[in-house]
Amino acid sequence: MNIGSVHLPGNLALAPMAGVTDQAFRVICREMGAAYTVTEMVSAKALCYQDKKTIPLMALAPDESPAAVQLFGSDPAAIEEAAAKVVEYAHPEIIDLNMGCPVHKIVSSGDGSALMKNPDLACRITEAAIRGSGGRPVTVKFRKGWDAEHVNAVEFARMQQSAGAAAITVHGRTRTQMYAGKADWEIIRQVKEAVSVPVFANGDVFTPEDAAEILRVTGADGVMIGRGCCGDPWLFARAKALLEGRPVPPLPTLEERCDTALRQFRMTCQLKGEHIACLEARKSYAWYLKGVRGGVKWKSRLTQLSTMAEVEEITRQMKEILGPQQQEC
Ligand SMILES: Cc1cc2nc3c(=O)[nH]c(=O)nc-3n(C[C@H](O)[C@H](O)[C@H](O)COP(=O)(O)O)c2cc1C
């Protein structure tokens, strides 16, 4: 599929997830078959203030292409300036705009999914990003609507297309649903029918079969996968195989899970330093060990670790002790 002039070599994308889809995890997902990756959301205002913590959030890996940096904000002037900074610092092919974040802190400032209540401002945001983007395509990610009484994804998508959005991602839940209930794939189908730009369907893809089904039901051009690949980046390889009509590879062995968790940890050490990497390993290892018998004990041991050598050693022990018990889980 193509987004503006940018060609994507496949239609499986990694959804942006703050605190999850950092550079290390994005690299792993790409190796597994994600054709397109989007950074964690970056505050346009913070970028304009040259906030030191913000700049690393948008750093792409050397061969992370095609990729998007995602911005959030509700001030067109800040968005325009931030888009230009994104281009200058990170050189992504695409800039994505977050109009779907449901978190209170974000919507209370008028950002994220609050923009769905103000579609005219949302269009001005997109136009501003286009002005700042130096010709790069600007895409928009949003939800079904604000709440059950205000479902406006179809009209919002049409307006965004008119404002110049080069592609659209729809998460089939309202803001008030947060992550509860089931994602409504029917609304995504309606959006796809209403616009001519490419549409990514998003919400509740946890298996290769879900990926095939969401594409079938919605007619969308691509699928964006979020929570389903936390601890399971193999979902990309398995979904890709299914979509291409090849045999679906088996679930990863425990050894593969441990090796991948360790690789992600090592990359995080390089990018963020040992201290932060050890803290983040608690969460990422918990995901990689999801469903593993005896996993809880290892997860609690991980909370006591503070050096790279300790994490390396515990991973070796995990493989040695858990591996023979449970080759496949
Ligand atoms: C921990 C977490 C962080 C997220 N951060 C972002 C974000 O930074 N930008 C964004 O557009 N969506 C964000 N999302 C929403 C996801 O991109 C996605 O739309 C949502 O999880 C539904 O897809 P899924 O069912 O495949 O997870 C986040 C979701 C989660 C669970």
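I began with the contacts of this predicted model. Among those in the protein between residues at least 6 apart in sequence, 68% join residues at least 24 apart.

**Overall form**

I then looked up secondary structure and found 14 helices and 10 strands in the protein. The radius of gyration is 20 Å, close to the 20 Å that the globule rule gives for 329 residues, so the protein is as compact as a globular protein of that length. I also took the extent of the C-alpha trace, which spans about 60 × 45 × 35 Å along its principal axes. For burial, I noted that 49% of the 329 residues count as buried.

**Domains**

I looked up the division of the chain next: domain 1 covers 2-243 and domain 2 covers 254-324. Their C-alpha centres lie 29 Å apart. To the contact between them, domain 1 gives 8 residues and domain 2 gives 9 residues. I sorted the side of domain 1 that touches domain 2 by class and got 6 nonpolar, 2 polar and no charged residues.

**Cores**

I asked which residues have the most contacts inside the largest nonpolar core. That core has 80 residues, and the ones in question are Leu71, Ala129, Ala201 and Val223. Apart from it lies another core, of 16 residues, which includes Cys258, Leu262, Ala281 and Leu289. I set beside this the general tendency of nonpolar side chains in soluble globular proteins to be buried together.

I followed Leu71 further, leaving aside its neighbours within four places in sequence. Leu71 is in contact with Val42, Ala44, Ile79, Ala82, Ala83, Val86, Ile95, Leu97, Asn98 and Ala129.

**Thr315**

I turned to Thr315, which lies in helix α14, residues 308-325. Is Thr315 buried or exposed? I counted 20 other C-beta atoms within 10 Å of Thr315; a residue is buried at 20 or more, so Thr315 is buried. Not counting residues up to four places away in sequence, Thr315 touches Cys258, Ala261 and Leu262. Of these partners I checked Cys258, which is 57 residues from Thr315 along the chain. The C-alpha atoms of Thr315 and Cys258 are separated by 6.4 Å. Cys258 and Leu262 had already come up among the members of the 16-residue core.

**Ligand**

Last, I looked at the ligand and asked how many residues surround it. There are 22, and the closest are Ala15, Met17, Met41, Gly226 and Arg227. By class, I recorded 9 nonpolar, 9 polar and 4 charged residues in the shell around the ligand.

How values were computed:
Residues numbered from 1 in each chain as written. Predicted model: local features only at pLDDT ≥ 70, side-chain atom pairs only at ≥ 80, totals over all residues. Near = placed C-beta within 6 Å. Nonpolar A, V, L, I, M, F, W, Y, C, P; charged D, E, K, R; others polar. Core = buried A, V, L, I, M, F, W, Y, C linked by C-beta atoms within 7 Å. Buried ≥ 20, exposed ≤ 12 C-beta atoms within 10 Å, placed from the backbone. Contact = placed C-beta atoms within 7 Å. Helix = DSSP H or I, 4+ residues; strand = E, 2+ residues; numbered from the N terminus. Rg over C-alpha atoms; globule rule 2.2 N^0.38 Å. Domains from an automatic or database assignment.
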